[in-house]
Amino acid sequence: MQAEAIIAPAPVAAAAAAAAAATVPQDSGLELLPLPTRGLLSFQVSRQSAGALSALRSALGFEPPSRPNSATSLHDVHCLWISPRHWLIDSEPAAEERLFAGLAAQARAMEGTARVTRSSDCFDSVLLSGAQAASLLARGCALDLRDVAAPPNTALRTRFADVPIILYKLRAATFRLHVDVSLSHHLWLWLADARESFDSEHGR
Amino acid sequence: MQNSHRLESGGCIDRTKLLSFRFDGRRLSGFQGDTLASALLANGIKVVGRSFKLHRPRGITGLGEEDTGGLVQLIDDARSTPNVRATQTELVEGLVARSVNCWPGPRWDLAGGLSLLSRFLPAGFYYKTFKWPSWHFYEPLIRRLAGLGRAPDGPDPDRYEREYLHCEVLVVGGGTAGMTAAAAAAARGADVILVEQNRVSPACGGAYPRSSSPSLRIFEFACAFGYYEDNLVAVSRRARGGRIAERLCLIRAHEVVLATGAIERPMIFPGNDRPGVMLASAARGYLERYGVVPGRRAALVTNNDDAYDTAVHLQRAGVSVAAIIDSRDTPASDAARSAAAAGIAVHTGSSILGTSGWHALRSITVARRGESRGRRIDCDLLCTSGGWAPTLHLYSQSGGKLAFDEALGAFVPGEATQRVRAVGRAQGATLPRTGGNTWSGDVGAWTERARRHAFVDLMSDVAVTDIAVAAQEGYVSVEHLKRYTTLGMSPDQGKTSNLNGLALLAAFTGRSPGAVGNTKFRPPYVPVTLGAFAGRARGILFSKVRRLPTHAVQDESGARMMELSGWLRPAHYAAKGSLSSTEAEVLAVRHRVGLMDYSPIGKIEISGTDAARFLERIYAAPVASLPVGRARYGLMLNENGVIVDDGIVARLAERRFFLTVTSGHAELMVDWLEEWQQCAWPDLDVVITPLTTHLAALLVSGPLARTVLSALKLDLPLDAGRFPHMAVREGALDGVPVRVLRTGFSGEVSFEIYLPWRHGATLWREIRGAGAAYELELFGTDAMLMLRLEKGFIHVGLDTDSTTVPDDIDMGRLHQRKSESFIGMQALARPHSKAAERLQLVGFEPVGSGDTLAEGAQVPCSHGAGRQGSITSSGVSPTLNRPIAIGMLTSGRSRYGEIVPVHHDGRRSRARVRAPCFVDPNNERLRDAG
């Protein structure tokens, strides 16, 4: 058993990728792309304070989000403010160790009031994009994801298809979904079923 | 003759597209653009079905959702949909429909004689009869007779969809007012959704000017049926081809505009339910929209001017209008002039004494006010108009108040409680005024027979006499009236019956209708298919089930998977030899070693400067005194001192703890901890980190567990001296960080190995490989439940209930050592929590037959009434080779050795009470010398 095996694509994601490639037409206005395991780190603090933002700024090298449920990013490192005292750092796997070291150092400096947790193992990730992406999401998520209510860089914890997810709206019609690894299979079945209905409704 | 009642021209139908359909086996035809109702009327079909209670003939009475008689069963291959309104069913080629609540058919119904017994079946008769010998004696027959339509008995072949939508303005209703409001809002740049339950089309040959604004979305065949908090409106969108039969849209709008129009009230008179009696607006609608004349010779009965226009329109279409019967003495001069110009006789100050016709209407009897004998007028269509009432079901559901408008004789929108407003006819301002009641004269003086044959709610067979009986028996609240008589229930939901019903109640109780008030309307406004509510949650997607990190390798291990606490887990593995699989697995753990994927166990990390203080308040066990590297069993209680969860709390560092909670409560307990921290103790510096699906957990249990693990590249000492029972260590396994807890839920030396989720399957294989030489067995949840039963360890929720406090399971000593306050402490100090006669955890051994005691079996009280305990967990112990059980028993701990009766499902047996631990009561196997 080798530690580097941790960055291998999850089996569900691999299966999902194969299924997606087989069934999604190129012109569907809807692309569903299972992502290889992302580097995910949770940064939590015991109390909301300016110190938390300062720690994040120092560790990441860019400004963390100033509004709850939003995200900022630089060079494929994304900082998502997902609950009052909780940020998710979403990066390429290669950047995870460096980011972990930086955040852990900041947490130590905060004398036990902050905690960094490796969360890469906890999630499978899917990229949903295209003109119909929001429409597909609307079949399983009760939130208002229109640009007026959820502009690009919105990041939040919610439920999709009754599964807890972290939803990150990168651009107007591009969403990244992080789903609990134990439930990703269920979500994939749901998405496959929804897409089948979706395609038939749109005459494909 | 096909389409015998169709005009040569007119209507919004496409006469070039002839559609054939079947009704009760008859082959009929209609045109594209027809509804099933218009096609039936065009073919001269008057009797469509039978009524709910009395099996009286029913025909089409309305044009849309207000119709009370045109319920049919739609049949399409494997589909069979009951109680569909013919008025809302678009005619399609090959449609097959059947009448409901009749046999063999609607014209000749075997149960039709029930109508003759109506005097014995008044409102609430079922509350007063069928007492002897019991209701259940009569129930099967009544169930067969009652009800509308038949539920399909096969799987539903259709697909359904659910959709969440958001907009700034939601307009309900696609008439003039709705379209105008939607276009105006869209022109302002608002994001607008308009829903219309039929087509958005005002009249034949015309169309509303459609806004080209991309911000306006129009959903046709979409009915808003429910209005909830925060401007959430539920809309059912019916199929328009494609694979989705029905779509449930949950629309949340910043503002809602209700352009729901108004519904015409029927007049009340004896025989008003006979097929051929129809709302005047419906008759005119069939004429204008479908080119259908519902009758050849018509009469109209009214209390307002609006019906006069209908009479004139019918006359112009070639229908012979025999008379207008107006309950008022003086109709408006314009109305009278138009009738006179058309040559229509008007009977003012008159009413209908009765109707006649075997199945459908043939004639009416008309009399002037005060006269007891009238004159007969032949007609096969009677249009009835008692004025108009705004359609305010959704407004009422939104929480909006309704105010009674005396001039209108109806309720209009009052104070709103959400951002909603009614416009157009739904507002009431533009509706025609009425000239009095919808019934004639003093209804209190009507004969019993007249009351019994004058129907208020045609769908529920509620007649005037039922309202009178309810009022007489004291049901003077409109809500009580509804429940006692079923007025306004059924698919109708009071659309045409509510106002007449409460006006009658007002008359019978000497009050004004405004003082009586209205019932609060409930969703759904129209029937919605259950499949639409289920949406995609069916079959494999019915509920989400979590998968283990070793899921992919469980198949090759021969696992028999089952769902437990939301996880798909191995219940047991393939049997070997003469033993059952569970027996073999239990014995392997007791005598050698077993391996289990333990990952579903809830895992939470608590860190921060106040972590110990926080947990001291959470657990009914001392935590602050726990040394680093050690673990302790703990109970979590609610404010009532009741056990809500149990598990291990392990101290990883001075300010860092690792908690395990039961797998079914993993998410719940994280939320519970967060709630206490955020709401009760925000001053504590604590970080709560859920780790359940961060970490895989593999459990290696048995006397050889240490030996097997020693073969792995684990950088931790495992001997008992350096890794004792209830200790925790962090290290690495072949470079992967691991956390190891030494526990003993099975009663044997056990190591729980926690490591990153994606490494779970790899470690699983490695442990299997290392254990092969020691005959390691995989074990599932069945074996684990037996192992803990042999030890007498509780399973929270199975062996405890919502009254169990720690002392009931002999765990009172845990909190008695605490000096700090904790959740539930005050409740435990109450005398009731310490009473000697409480239910206490005990063991049971069957006496006599030796049969296994059933889980759920009751221990009855010796005096016969009530129970003194129950069996909560039971089975045949592979270790002891005999049945054992645990359960709760009043004052149980003081009754060891006593023999008690045990009853289950009619079987009676006996059991000896004993201590709950059956194996290794001194825990010597757990604390092995290593």
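A residue counts as buried if 20 or more other C-beta atoms lie within 10 Å of its own, as exposed if 12 or fewer do, and as partly exposed in between, with C-beta atoms placed from the backbone. By that rule, 47% of the 204 residues in chain A are buried. This is a predicted model: local features need pLDDT of at least 70, side-chain atom pairs count only at pLDDT 80 or more, and totals for chains, interfaces and linings use all residues. Residues are numbered from 1 along each chain as its sequence is written, while chains are lettered from A and ligands numbered from 1 in the order in which they are written.

**Chain A**

Chain A has five helices and ten strands. Helices (H or I, at least four residues) and strands (E, at least two) are DSSP runs, numbered from the N terminus. Two residues are in contact if their C-beta atoms, placed from the backbone, lie within 7 Å. Of the chain A contacts with a separation of 6 or more, 59% come from residues 24 or more positions apart.

Helix 2 (residues 50-60) and helix 3 (residues 93-109) of chain A have axes that come within 9 Å and cross at roughly 145 degrees. Axes are lines fitted to C-alpha atoms, for helices over the stretch in contact, and angles run from 0 to 180 degrees between N-to-C directions. The crossing of these two helices is right-handed, meaning that the near helix is turned clockwise from the far one by less than a right angle. Helix 2 of chain A brings Ala55(A), Ser58(A) and Ala59(A), which meet Leu99(A), Gly102(A), Leu103(A) and Gln106(A) of helix 3 of chain A. That contact holds four nonpolar, three polar and no charged residues. Here Ala, Val, Leu, Ile, Met, Phe, Trp, Tyr, Cys and Pro count as nonpolar, Asp, Glu, Lys and Arg as charged, and the others, Gly among them, as polar.

**The A–B contact**

Chain B gives 39 residues to the contact and chain A gives 41 residues. On the chain B side, strand 8 (159-172), strand 29 (546-547), strand 37 (687-690) and helix 20 (760-771) each supply at least two residues. Strand 8 of chain B gives the most, with seven residues. The chain B side divides into 14 nonpolar, eleven polar and 14 charged residues.

**Sheets and helices of chain B**

Two strands pair if DSSP finds at least two bridges between them. Two open sheets of chain B are set out below.

| Strand order (chain B) | Strands | Pairing | Edge strands |
|---|---|---|---|
| 39-40-41-38-32-42 | six strands | mixed | strand 39 (727-733) and strand 42 |
| 19-20-21 | three strands | antiparallel | strand 19 (350-356) and strand 21 (375-378) |

In the sheet 19-20-21 of chain B, neighbouring strands are turned by 30 degrees against each other on average, direction ignored. Four bridges join strand 20 (residues 363-368) of chain B to strand 21 of chain B. Val366(B) has Arg375(B) as its bridge partner.

In the six-stranded sheet, strands 32 and 42 of chain B run parallel and are joined by two bridges. Leu595(B) has Leu778(B) as its bridge partner. Helix 20 of chain B lies across strands 32, 38, 39 and 41 of chain B, at about 15 degrees to strand 38 of chain B.

Helix 16 (residues 581-591) of chain B is mostly covered, with nine of its eleven residues buried. Among them are Val586(B), Ala588(B) and Val589(B). The buried residues of helix 16 of chain B pack against strands 31, 32, 38 and 42 and helix 21 (781-791) of chain B.
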